[in-house]
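Work through the exercises below with the sequence and the model at hand. Try each task before reading its solution.

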Amino acid sequence: MSGKSALRRWTVRGLVGLPFLVIGLAIAAWACVRASLPQLDGEAEIPGLSAPVSLGRDALGTLVVEGRTRLDVARGLGFAHAQERFFEMDLTRRSAAGELSALFGAKALERDRTRRVHRLRARLTERFEGLSGEDRLLLLAYAEGVNAGLQALPMRPWQYLALRAKPQDWTPVDSLLVISEMYFMLQSGSVEAGFDRATLREHAGDAVFDWLSPRGGRWDAALDGSQLPPPPMPTSEQLDVSRPHTPAMPATPASGPAHPPASARATDEPAVLGSNNWAVAGTRSTHGGAILADDMHLGLGVPSIWYRAQFQIGTGAGALRAAGVTLPGLPAMVVGSNGSVAWGFTNAYGQWFDWIEVPPDAKVSTRTETLEVHGGPAVTMEVSEIGDAPIVTVEGGRRFALHWIAHQGAAYNLELDRMLQVRHVNDALALAQRAGMPHQNLLAADRNGQIGWTVAGRLWAQPGLPDGYGRFVSPSAMRRDWLAPDRAPQVLSPAQGQLWTANNRQLDGAPGELLGDGGFDLGARAQQIRDRLSATDKHDEASIGALHQDDDARFMKTWAARLLAVARTDAAANPTHKAFVQLLENWNGRADADSAAYRLVRQARLRVLDTLWDAWTLPSLGDRQLDPQRRMRWRNQFEYSAARAVDERPPHLLPAAFTSWDALLLAQLDGAAREIAPDGNLGGATWGAQNASRIQHPLAKAIPALSRWLDMPSVPQGGDSNLPHVAGPAFGQSERMVVSPGREEQGWLSMPGGQSGHPMSPFYGAGHQDWVDGKPTPLLAGPVIHRITAHRD
């Protein structure tokens, strides 16, 4: 009896004590997380400084780094990056190198295998030794600052506490890996699309391939004014889908670590990682200075991919001030203004790669790579290469190697950092042409009123077109020679006084062939920006900046007209189609968050393109197109052929399931209505409901319970992919900048997601609401409210 009483007493005590234990553990966890907060005030030690460095922060957390030399400023920037963003920096280098398993365990192995095949850590370790002495010193100084910032935290960054892992020191090679991760982010989609194009041409033949993969059309907005003719419509002998047919034999399943399967059929626009930028010369501004705008479109997360910073290098007459955004992991300012020249980027979709078919008797080298696994034994994998091109795909017994500029040592340097010192646009263009970085459309503007464009990044001397478009090539055809930078295409001081790019084709003729075609976007965004600029004789920062928020759906209006016309054909007898007519007739023509008409038109268009693509590719690609895991998706330029068929209505291109082209359009309109409004309340199915923002922290994606504390609030939003205000749930304008060099006080810079990666920081999410509201925030830092003075240890 006494034993039972004792058990009861201990049970009661345990139940009473349990809440206190939980509270104690929560307090301990809170204390540990709080201990990893970045330092904002006081003194710090950074090795190698030649003089004290000031690290100030304004109300948005903008870092103001003041130092005597460029290397001192790099050390200070590295210190701040590590304190605020080391976990994100760590993920970036590990992702590029294929080393995530060492942090996350076996669940990251498959991802690591797809990256390790490129052996980038080994390649870039070799490249570091070949960099100029100036570049090596800059990377070393930055790494010293990063490691000092990491070591100065009382507790390792809070994410490592959750993962039960320890961060590893930063190395100069890690910064080169950050550049390589940007190559993956900005160019891997083109690489995969290039493989699909070559496969499609083999199966469909040249005539049908050209129809399915047109290279231009009515939305072209090239800087040289060129327009490419549409491909010939295939004849009924070449392609006839008007009657049922037996599909071709399915393609042999692929195997290999680096070419992922095609996505499942989804009624959505193919992703284009890109941006908008535009500029007007001094002759086109109200104050006589050139004005530049830039918004880079990337996946959005918490914190922002970018880090706001302002450099103050030196004092007196020779001092240099620059403001803009940096990328944690690199010492350079990515876009911004140095008081004399402002610069901004959009992704350039040239063909920066070749797909090589490896002959059976080719000489192949093999290397063994070891992948460390957190909480488990290391694993090894074999990587085969022909020359310096890794074999990444095996399909039907055929081997394919990827020859990519991102594998080449010359594709990596820190020339972009010299942008801090340029004083004229022509110097900025020449510097960009020497830069080792993912290829970008650079727009630059200077305080003398000049503007210019070029492709930043090293180029091959051999053309990417026409023979390289949509074809596998032999090892002997690999492009290897580098183009002399002074031969790179450029446009300087255009007669019309304006420039614009939006991931579209920029040039025709020999310069266009040199760049190739890696899957340009439609020119719809670029055309709209061009026309908006042309409509105003004289611009100021406000009129230039307004284009960031332009939701006029010029592109989608063409589809609204087609759908409205077909809905009217039986609206008198069909109440559903009468409702469509009313909705479309009352549409204001914008991609507004509260618009149901825009959402209906958008969804119906995507269904039309899906339907035609499936019908037109099934004869050549066979049952592969019926397999959600292997289906080849249409690309953006397919719009030209699909729209032409809908308008010209050729009988042999009408899928057999439909009695007429009107029937096809009505079926997709009906299907779109059911998809967006299954309850029948079409007016309540707004675009903003589908396009609500979802900007998350990386750990919240893995642990959804953390979302309420780590993610930004979800809000309905307007904008879309084929108009200037690009906006998706987790994709869009990662920054918005407007600046006239020499007038930085009137410049704008806003970003989503906030500056700091620590949820207890006052700068976690700082500035995000202004970005949501489209409110301009200043480019230059405001009054400094926190300051660290760093000394040499």
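**Exercise 1.** Describe the hairpin that β16 and β17 form, including its turn.

*Solution.* Start with the loop: four residues lie between β16 and β17 in this predicted model. Next, check the backbone of the turn. Glycine 449 has a positive phi there, about 100°. Now count the pairing. β16 and β17 (residues 451–456) run antiparallel and are joined by six bridges. One register point is glutamine 440, which stands opposite alanine 456 in β17.

**Exercise 2.** Find which strand β10 (residues 341–347) is joined to, and give the direction.

*Solution.* β10 is joined to β16 by seven bridges. The two strands run antiparallel. For the register, take asparagine 347: its opposite residue in β16 is glutamine 440.

**Exercise 3.** Sort the residues of β16 by the way they point, and decide how covered the strand is.

*Solution.* One way point Gln440, Leu442, Ala444 and Asp446. The other way point Asn441, Leu443 and Ala445. Then test burial. Seven of the seven residues in β16 (residues 440–446) are buried, so each falls under the 20% cut-off for relative accessible area.

**Exercise 4.** Is glutamine 187 buried or exposed? List its contacts beyond four places in sequence.

*Solution.* First, locate the residue: glutamine 187 belongs to helix α8 (residues 172–204). Second, compare areas. Its relative accessible area is 2%. Buried means under 20%, so glutamine 187 is buried. Third, set aside neighbours within four places in sequence. The contacts of glutamine 187 are then Trp352, Trp404, Pro438 and His439.

Definitions and conventions:
Residues are numbered from 1 along each chain as its sequence is written. This is a predicted model: local features need pLDDT of at least 70, side-chain atom pairs count only at pLDDT 80 or more; totals for chains, interfaces and linings use all residues. Side-chain values use heavy atoms; hydrogens and water are left out. Buried means under 20% relative accessible area, exposed over 50%, partly exposed in between (1.4 Å probe, protein chains only). Contact means heavy atoms within 4.5 Å. Two strands pair if DSSP finds at least two bridges between them.
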